Structures are given as structure tokens and as C-alpha cells.
Amino acid sequence: MFLLALAGVVIASSACSAEPRLRLTASAPSAQKLESVSGLTDINLFARQVFELSDGARRLGTVAAGAGRRRGAEGPPVCFVSYFRDAAADVVQTIGAGEWEAETCLDAVAFGLVKSAGADLRLAVIFKAASPNAETWEPVVLRIPPTSGKPMILDAVATRAASLAGAVTVPAVANALSR
């Protein structure tokens with residue numbers, strides 16, 4: 001059974017052979033470590049947005065959401081999601097970069113696992129963002145391969161589907177992706 005965690009509360013989600021779970025943790029990666037792998041400076045991890053990811057009794061790594069400034073660049077902070085495991089670390093820039101470069105990163109408001117059709121874990125993160133005219137919540141979906149040698153990546157197709165469905169909660173993202 002897949003388990004979904006919001007602010008440390010585990011909620012059953014959908015059938016799966018493994019039992020990945022997210023658990024709120026106080027042990028966050030250091031800002032120095034994040035700066036060394038992300039290309040960002042002035043790193044700030046969002047409150048209550050650092051989770052330990054495990055598969056049953058096996059610890060897979062730590063996922064965290066935060067914001068930082070691009071090294072050598074002007075402008076507002078960029079949101080990111082990081083995934084640290086054993087000797088590897090991945091950082092995916094989201095709000096304020098790429099497709100979301102016109103938006104400003106404000107906060108991460110929700111984290112959770114959603115059902116995946118393949119072997120990869122799917123992580124949904126809801127970010128609070130702002131444009132010059134409004135504030136919004138943006139869903140972002142990432143894929144975390146179960147093997148430690150492959151990086152966490154942005155799932156652009158799932159992210160777009162969740163966004164077009166107007167999903168602003170993790171359960172709404174899961175619903176949008178199940179269609």
C-alpha cells in the first residue's frame with residue numbers, strides 16, 4: 001500500500017506492493033551541502049518541509065523543499081526540491097526557474113507521495129507562488145527512482161496534468177494523475 005504523508009500524518013492512498021512513506025524529520029541537509037550541489041546561495045529550507053523517505057524499514061533518503069538565489073544572478077529566490085541519499089544528492093529547481101521563471105517562490109505548503117504507474121516513486125509538492133498580479137498554488141510532480149544511481153527528475157507531463165486540473169492539494173494531484 002502506498003502511504004501519503006502531509007505534515008507528518010500518514011494517510012493510506014492507493015495499492016502498491018511496496019510501502020514507501022514520508023515522515024517529518026528534524027535532520028535536514030545543511031545549507032552548505034545544498035549550496036554545493038544546487039547552484040544556489042542563501043538557501044532557506046521551508047518550515048516543516050523536510051521528510052525522511054523510507055520503504056518499509058529501509059531508509060531511502062531525505063527530501064526537502066526550500067528556496068535560494070541563483071549563484072551570480074539577480075532576482076527573486078527560486079524554489080527547489082532536494083533529495084539526499086547515501087553519497088548522492090539531487091536538487092530540482094521549480095518556481096522561479098524554467099517554465100515557472102516568471103513566478104516568485106514564496107513557500108512549499110504540502111508534500112506527499114502519489115501513485116505511480118511505474119517503479120519510480122512520485123512526489124507531489126504544492127508551492128505557493130506569486131506573479132506581479134496574484135498569488136497562486138502550483139503543483140509540481142517529481143519522480144524518484146527506487147535505485148540510488150538514478151537522479152530525481154521533474155515529471156513535466158504529470159506536473160502539467162495536475163496544473164491543468166487545478167490541483168492545489170496532494171490528494172487533488174493524485175486524483176488528476178489517476179484520470
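Begin at helix α2, whose buried residues pack against β9, β10, β11 and α3. The model on the screen is a predicted one, and every stop below refers to that prediction.

**Stop 1: helix α2**

Select residues 156–164, which make up α2. Within this helix, colour A158, T159 and A162, which are buried. These residues fall on the same side of α2, because the arc they cover around the axis is only 100 degrees. Now turn the view to the other side of α2, where V157 and L164 are exposed. Just beyond the helix, select G166, which has a positive phi of about 75 degrees.

With α2 still displayed, add the strands beneath it. The helix lies across β9, β10 and β11, and its direction makes about 150 degrees with that of β10.

**Stop 2: the sheet of four strands**

Display β8, β9, β10 and β11 together. These four strands form an open sheet in the order β8-β9-β10-β11, with antiparallel pairing. At the edges are β8 and β11, each of which pairs on one side only.

Proceed through the sheet one pair at a time:

- Select β8 and β9 (residues 121–130): the two strands run antiparallel and are joined by nine bridges. Here F111 stands opposite V125 of β9.
- Select β9 and β10: 10 bridges join these antiparallel strands, and K128 has W137 in β10 as its bridge partner. The two strands form a hairpin, with four residues between them.
- Select β10 and β11: the pairing is antiparallel and extends over two bridges. R143 has its bridge partner, I153, in β11.

Is β10 largely enclosed or largely open to its surroundings? Colour its residues by accessibility: seven of the 10 are buried, so the strand is largely enclosed by the rest of the structure.

Next, add helix α3, residues 170–177. This helix lies across β8, β9 and β10, and runs at about 65 degrees to β8.

**Stop 3: the sheet of five strands**

Hide the previous selection and display β3 to β7. Five strands form an open sheet here, in the order β3-β4-β5-β6-β7, and the pairing is antiparallel. The edge strands are β3 (20–24) and β7, each with pairing on one side only. On average, neighbouring strands of this sheet are turned by 30 degrees against each other, direction ignored.

Then add helix α1, residues 31–38, which packs on the sheet and touches β4, β6 and β7. The direction of α1 makes about 100 degrees with that of β4.

Two strand pairs deserve a separate selection:

- Select β3 and β4: five bridges join these antiparallel strands. The bridge partner of R21 is S54, in β4.
- Select β6 and β7 (residues 88–93): six bridges join these strands, which run antiparallel. F80 stands opposite Q93 in β7.

Which residue in the hairpin of β6 and β7 takes a positive phi? Select D86, whose phi is near 25 degrees; the hairpin has two residues between its strands.

**Stop 4: the disulfide**

Show the side chains of C79 and C105, which are joined by a disulfide with an S to S distance of 1.9 Å. The structure has one disulfide in total. The link of C79 and C105 is right-handed, with 90 degrees about the S-S bond. It connects distant parts of the chain: C79 lies in β6 (residues 78–85) and C105 in β8 (residues 104–114), 26 residues apart. Are these two cysteines buried or exposed? Both C79 and C105 are buried.

**Stop 5: the aromatic pair**

Finally, show the side chains of F51 and F111. The structure holds one aromatic pair, and these two residues form it: their ring centres are 5.0 Å apart. Why is the pair described as tilted? The planes of the two rings stand at 40 degrees, so the pair counts as tilted, since that class holds pairs that are neither under 30 degrees apart nor over 60.

This pair also links distant parts of the chain, with F51 in β4 (residues 40–55) and F111 in β8, 60 residues apart. F51 has a relative accessibility of 1% and therefore counts as buried. F111 is buried as well, with a relative accessible area of 1%. The cut-off that applies to both residues is under 20%. To end the tour, keep F111 selected and show V125 in β9 again, the residue that stands opposite F111.

Terms used. Residues are numbered from 1 along each chain as its sequence is written. This is a predicted model: local features need pLDDT of at least 70, side-chain atom pairs count only at pLDDT 80 or more; totals for chains, interfaces and linings use all residues. Side-chain values use heavy atoms; hydrogens and water are left out. A disulfide is a pair of cysteine sulfur atoms within 2.5 Å. Buried means under 20% relative accessible area, exposed over 50%, partly exposed in between (1.4 Å probe, protein chains only). Two strands pair if DSSP finds at least two bridges between them. Contact means heavy atoms within 4.5 Å. Axes are lines fitted to C-alpha atoms, for helices over the stretch in contact, and angles run from 0 to 180 degrees between N-to-C directions. Rings of Phe, Tyr and Trp (its six-membered ring) pair if their centres lie within 6.5 Å; planes under 30 degrees apart count as stacked, over 60 as edge-to-face and the rest as tilted. The arc is that of the directions from the helix axis to the C-beta atoms.
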